Amino acid sequence: MVTVRDKVDLLVVGSGAAGSVFAAEASAAGKQVVLLEAGPARTPDHLVSSQLWARRHKWGGAHVEEEGDHRVGHNFNAGWGTGGSTMHHYGVWPRLHENDFQTFTQYGQGLDWPLQYAELRPYYDRIQGTVGLSGDAIQERWRPPGDAYPMPPVPVFGQGRLLAEGFSRLDMHTAPLPLAINTIPYRGRPACLYDGWCDAGCPIGALGNAQTVFLAEAMQSGAVVRNEATVTRLLTSTDGKRIEGVEYRSADGSAHRLYAEVVVLAAFTVQNARLLLASANSRHPRGLANSSGLVGRYLMTHPTVSLYGLFDAETQPALGPTGGQLINQDGYDNKLAVKDAYGSFQWIIANAVKPNGLLGIANNRPDIYGSQLKPFLQRAVKHLGVMTLVAEDIALRENRVELSSKRDVFGVPLARAVHNQGKPSAALVAHAVQQGKAVLDAAGAREQWRGPQAGMHIMGGTVMGVDPAGSVTNSYGQSHDIDNLYIAGPGLFPGSGAVNPTFTVHALALRAAEQMLRNWP
Amino acid sequence: MEPLQQRRRFLKALLLAYPLVSGALLLSPAEARQRKLPLSVLDAEEAADLETVIEALVPGSAGAGAVHFIDYQLARPSADSLLMLRYLGVAEPHVNFYRSGLMALARHSIERYGKRPAELPAPALDQLITDLITDDTQDWAGPPASFLYFVWRSDGIDVTYGTEDGMAVLDTPYMAHIRPEQVW
């Protein structure tokens, strides 16, 4: 039974990267904004420095079924609680490159974006100024046009120096990693202490996440976050032309309805698609915003492989940002450089690591156990070097989010995420791994090994485009079918590029929020 | 005083706090095991088998209270669980994963070696671990054996080396912003 009924100007589903930008912009413009967040309330006090406690920041909602030979790894990539996945993200914020936006036209692969880099650049620059990025734009010789970073780069610790030498010996270039991490006090937030706890959340506010920047701005302007509010259905008008609001369940399981002039669906890639599909009604029998039949389609994830080496010298692997210290994108701008392969890739170099955790030191050598384990760990905590490949995925229609026959506790069908890797992408990864092994050899690693290939970041499923028959939204994330429904987040990406998506998510959200306010219904 | 030094001043309290009597007394999993606190989810045979296998994978994990840690996490709502399993796409409730895995392990151990894992002599236990790693498990009716190996080994590492005490054993700095000292 529905127990509450109220109406606001803007209703945002999800309080992460994209939703927080919409909320900040709209509330600053005087709109009454409510964000419905499925996860619990989180404050900086909850960001305990522990790989164990950090697990509370990852997905804790309805189970997501996964299939395919290259699964997206939903639960590791998705967040849980105020701020969404930004609360455990590493703050690695490179920009997409100019050649990421027209991959179908230029290379016959994937989909074209409905906008060019030049149109997005001002929003990258403005977000960068607000959040405060550290880096060195000149050293990033592959970087597309953009303002210089407002802060100097993070320091380079032992493993970073060793690995950089390896790249250099192969005539490859490294630059400071662009990070949404303060290296000096910036806009009232302190500088980083480089103690490697980024993915447990940054309670001092040095890392730019939703709570430290845009969500804080939104709440100062009057926006309200309702936690443990699980949206179960989007509601349309009788004629199906407008979205009227949502139905959600609160912590006690009771049902509520909240109505709004505009709804922004910013619940991350998989849940966005799931909610649209699960909200089918007589006017939208295939799901909302789905006249194209493409809701859920073109699901993507960056193929990632970490390479590890043990060095004679001490490498200080506990120090620095979890995301890394340096970057290499030498292989980025020629997507056809490798025979039978397609795509760009980058190396993120010298990630801080802890002994435990899915990406921790012990689990990167799962073959070692028993009496050999402790000696390995004792050596690795002082001598390990890490570098992580991020490769491009190709938008393939058959990779998808669909509804399962099983349902969650509220009766909503579960999501099933199906993702297989295309052969050109697999060939790219194979090439890049060989390159990475050569770098570790050149760097002087005494022994080296690779981790398993996994999915990093989740994109697509509600792709933007020019043609309503070939996409779900326009370039602002506005549904082609329902004007007052916006979709936000990396699910909009028609292509993955090979860079971490959070910076682009913010830039797209700022551009979309301003368009929404200009065209307020 | 430098920030890192300031934080190191706080490295002495308990990490793996275990609740007893409405949180009035906090125990680490190791202390919970020493005091033989009752388990909530796992029965005695399951606990004994699990402890035996995890100790074989991660020496020291039994004394660190791995089974009490796992049992407590399985007893709480899955959204609050601190088990690494929540990352790995396994359907809830996670107790089903552990229980079905332990059942398959015990059955395999008895059929191939004549005894439950907790009763095996060291050479047979070594061979049982090899069976897990290599999925050499005929008629296995549970989660994939090599996956169980990965998860149980990770659990053991969490309790043994994922704490302030554990990192101290490895001589690597913990450097907490906020130390984990709340009741689980």
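This tour goes through selected helices and strands of chain A and then a pair of helices in chain B. The structure is a predicted model, and the stops below can be selected by chain and residue number.

**Stop 1: helix α1 of chain A**

Begin by selecting residues 17-28 of chain A, which form helix α1. From its first C-alpha to its last, this helix of twelve residues reaches 17 Å, close to the 16 Å expected at 1.5 Å a residue. Ten of the twelve residues of α1(A) are buried, so the helix is largely enclosed by the rest of the structure. If you colour the buried positions, they include A17(A), A18(A), G19(A), V21(A) and F22(A), and among them further along are A26(A) and S27(A). After the helix comes G30(A), whose phi is positive, near 95 degrees.

**Stop 2: strand β2 of chain A**

Next select residues 33-36 of chain A, strand β2, and show the side chains: V33(A) and L35(A) point one way, whereas V34(A) and L36(A) point the other way, and all are buried. In a regular strand the side chains alternate between the two faces of the sheet. Add residues 224-226 of chain A to the selection, since this is strand β5, which runs parallel to β2(A) and is joined to it by three bridges. Within this pairing, L35(A) stands opposite V225(A).

**Stop 3: a three-stranded sheet and the helix across it**

Now select β3, β14 and β13 of chain A, which in that order make up an open sheet of three strands with mixed pairing. The edge strands are β3 (64-67) and β13 (400-407), each of which pairs on one side only. Neighbouring strands of this sheet are turned by 30 degrees against each other on average, direction ignored.

Which strand do four bridges join to β3(A)? The partner is β14(A), residues 413-418, and the two strands run parallel. A pair worth labelling here is E65(A) and R416(A), which stand opposite each other.

With the sheet still displayed, add residues 269-278 of chain A; this is helix α7, which lies across β3, β13 and β14 and runs at about 65 degrees to β13(A).

**Stop 4: two crossing helices in chain B**

Finally, move to chain B and select helix α3 (residues 44-57) together with helix α6 (residues 122-134), whose axes come within 11 Å and cross at roughly 85 degrees. That crossing angle makes α3(B) roughly perpendicular to α6(B). To see where they meet, show T52(B), V53(B), A56(B) and L57(B) in α3(B) against L125(B), I129(B) and L132(B) in α6(B). By class, this contact has six nonpolar residues, one polar residue and no charged residues.

Note on methods: Residues are numbered from 1 along each chain as its sequence is written. Chains are lettered from A and ligands numbered from 1 in the order in which they are written. This is a predicted model: local features need pLDDT of at least 70, side-chain atom pairs count only at pLDDT 80 or more; totals for chains, interfaces and linings use all residues. Side-chain values use heavy atoms; hydrogens and water are left out. Two strands pair if DSSP finds at least two bridges between them. Axes are lines fitted to C-alpha atoms, for helices over the stretch in contact, and angles run from 0 to 180 degrees between N-to-C directions. Contact means heavy atoms within 4.5 Å. The expected span of a helix is 1.5 Å times one less than its number of residues. Buried means under 20% relative accessible area, exposed over 50%, partly exposed in between (1.4 Å probe, protein chains only). Angles under 35 degrees count as roughly parallel, over 145 as roughly antiparallel, 65 to 115 as roughly perpendicular and the rest as oblique. Ala, Val, Leu, Ile, Met, Phe, Trp, Tyr, Cys and Pro count as nonpolar, Asp, Glu, Lys and Arg as charged, and the others, Gly among them, as polar.
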